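Me: I'd like to go through some labels on this model and hear the reasoning behind each one. Can you take me through them?

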Amino acid sequence: MIASRIQRVAVIGAGTMGGGIAQVAALSGFHTRLVDADLAAGLRAAQGIEARLRRGAELGKVRPEAVEPALTRLQVASGLEGAVEDSDLVIEAVPEDLELKRETFRRIVAAAPRSALLASNTSSIPITGIAAAADPARTLGLHFFNPVHVMSLVEIVAPDELDPAALEAARTFVAALGKEAIVVRDAPGFATSRLGVALGMEAIRMLE
């Protein structure tokens, strides 16, 4: 059974996307753990998050009184297993390599609660291929866009085997972030990446 209420979020991968997802989650009231294979990368990401939040407060884009509570809710974990052990939602944001993602999800499934919602931030790899190493009923795509704290759209990628409760939990989470969700089928490239390719090809034809 999927957790009825998401309170604790783990983000796996502290690159540009992972750091951005962790930032918006912590700012939106979720207890957030960020973890990377390189602990130093995780610590640098946390420093970047703090800098963006403080700069956002200076520019009037972030409520000043929200900064410190958000930073308190953000934690850099030293290992994946410890990061996900009591999470309600785990978001994978590692590089776009199918085998790396599958191995990451195998570790997540072994350590996270059976009620945790599992998500990948992949922009194009079919979720079904990733979910084969996890639990297909609770594994979906949460495709954020860069920069995460600015872009309002999130693609929720729903494979055929997904539990409807998992989809509803994802919708609720995205809404809590103040973002707009679109639900798309699990086809290569989803919606936005496929449209981007089509637009790019048409631009090339026009130039020719």
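Reply: Sure. Let's start with a yardstick: a residue is buried under 20% relative accessible area, exposed over 50%, and partly exposed in between. Keep in mind that this is a predicted model.

Me: Why is Arg-55 called partly exposed?

Reply: Its relative accessibility is 47%. Partly exposed is the range between under 20% and over 50%, so Arg-55 counts as partly exposed at its 47%.

Me: And what makes Glu-58 exposed?

Reply: Glu-58 has a relative accessible area of 61%. The cut-off for exposed is over 50%, so at 61% Glu-58 is exposed.

Me: How do you know that Arg-55 forms a salt bridge with Glu-58?

Reply: The closest N and O atoms of Arg-55 and Glu-58 are 3.1 Å apart. A salt bridge needs a Lys or Arg side-chain nitrogen within 4 Å of an Asp or Glu carboxyl oxygen, so the pair at 3.1 Å qualifies. The two residues are three apart in helix 2, which means about one helical turn separates them.

Me: What about Arg-54 and Glu-50, how far apart are the closest N and O atoms?

Reply: They are 3.0 Å apart, and Arg-54 and Glu-50 form a salt bridge. Both sit in helix 2 (residues 39-58), four residues apart, about one turn of the helix. Arg-54 has 34% relative accessibility, so it counts as partly exposed, and Glu-50, with a relative accessible area of 32%, is partly exposed as well.

Me: Which salt bridge links distant parts of the chain?

Reply: That's the one between Asp-86 and Arg-33, with the closest N and O atoms 2.7 Å apart. Asp-86 is in the loop between helix 4 (80-84) and strand 4 (89-92), while Arg-33 is in strand 2 (residues 31-35), 53 residues apart.

Me: Why is Arg-33 called buried?

Reply: Its relative accessibility is 18%. Buried means under 20%, so Arg-33 counts as buried. Its partner Asp-86, at 31%, counts as partly exposed.

Me: How many salt bridges are there in the whole structure?

Reply: A search of the whole structure finds 13.

Me: One last thing: what makes Val-197 exposed?

Reply: Val-197 has a relative accessible area of 55%. Exposed is over 50%, so Val-197 is exposed. Val-197 is found in helix 8 (residues 192-207), and together with Met-201 and Ile-204 it forms a nonpolar surface patch with about 270 Å² of accessible area.

Methods. Residues are numbered from 1 along each chain as its sequence is written. This is a predicted model: local features need pLDDT of at least 70, side-chain atom pairs count only at pLDDT 80 or more; totals for chains, interfaces and linings use all residues. Side-chain values use heavy atoms; hydrogens and water are left out. Buried means under 20% relative accessible area, exposed over 50%, partly exposed in between (1.4 Å probe, protein chains only). Patches are made of residues with over 30% relative accessible area and no salt bridge: like charges are joined within 9 Å, nonpolar side chains (Val, Leu, Ile, Met, Phe, Trp, Tyr) within 5 Å. Accessible areas come from the Shrake-Rupley method with a 1.4 Å probe; for residues, only the protein chains shown count as cover.
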